[in-house]
Amino acid sequence: LAAAVLLSLDKLYRDFPERAQGYLERFRRDCLTLCRPVRVLYPGGTREGTAVDITEDFGLTVRWPDGTVEAVTSGEVSVRGLYGYV
C-alpha cells in the first residue's frame, strides 16, 4: 500500500507543471473553505475574515472585515463549523 501511494505521489509530482491549471480549477471547485468565515492563526495572534479565492500558487485569499484582501500561504486556517472554529 505504501509503495502504491508513493508511486502515485511521484506521478502527480512529475505531472504537476503541465497540469497545474487543471489542478487549480479542480481545487477551486472542490474547496469547502471558499465563501466561509475563517480564522487565520499567525505567530503573533489571530485574524478572522472570509475565504474568497485560491491564488495561482494555491494560497488562500482572505477578505478581512476592513475590506482589504490578503493571500495566506502559510500558517493555519480554521473554518467555522457548527460549534465554532475547528
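The following legends describe views of a predicted model of a single protein chain.

**View 1. Secondary structure of the predicted chain.** The chain comprises one helix and six strands. Read from the N terminus, the order of elements is α-β-β-β-β-β-β. Among contacts with a separation of 6 or more, 36% join residues 24 or more positions apart.

**View 2. Overall dimensions of the C-alpha trace.** The trace extends about 45 × 25 × 25 Å along its principal axes. The radius of gyration of the chain is 16 Å, whereas a compact globule of 86 residues would have a value near 12 Å.

**View 3. Surface and charge of the chain.** About 6400 Å² of the chain is exposed, and carbon and sulfur atoms supply 58% of this area. Of the 86 residues, 21% count as buried. The chain carries 11 positive and 12 negative charges, and the mean positions of the two sets lie 5 Å apart.

**View 4. Cys 31 and its surroundings.** Cys 31 has a relative accessible area of 16% and is therefore buried. Cys 31 takes part in no disulfide. The nearest cysteine sulfur to that of Cys 31 belongs to Cys 35, 9.2 Å away.

**View 5. Cys 35 and the absence of a disulfide.** A disulfide is a covalent bond between the sulfur atoms of two cysteines. The cut-off applied to such a sulfur pair is 2.5 Å. The sulfur of Cys 35 forms no such bond with that of Cys 31, the closest cysteine sulfur, because the distance of 9.2 Å is too far. The count of disulfides is accordingly zero. With a relative accessible area of 68%, Cys 35 is exposed, whereas Cys 31 is buried.

How values were computed:
Residues are numbered from 1 along each chain as its sequence is written. This is a predicted model: local features need pLDDT of at least 70, side-chain atom pairs count only at pLDDT 80 or more; totals for chains, interfaces and linings use all residues. Side-chain values use heavy atoms; hydrogens and water are left out. Helices (H or I, at least four residues) and strands (E, at least two) are DSSP runs, numbered from the N terminus. The radius of gyration is taken over C-alpha atoms; the globule rule is 2.2 Å times the number of residues to the power 0.38. Buried means under 20% relative accessible area, exposed over 50%, partly exposed in between (1.4 Å probe, protein chains only). Contact means heavy atoms within 4.5 Å. Accessible areas come from the Shrake-Rupley method with a 1.4 Å probe; for residues, only the protein chains shown count as cover. Lys and Arg count as positive and Asp and Glu as negative; His and the chain ends are not counted. The place of a charge is taken as NZ of Lys, CZ of Arg, CG of Asp or CD of Glu.
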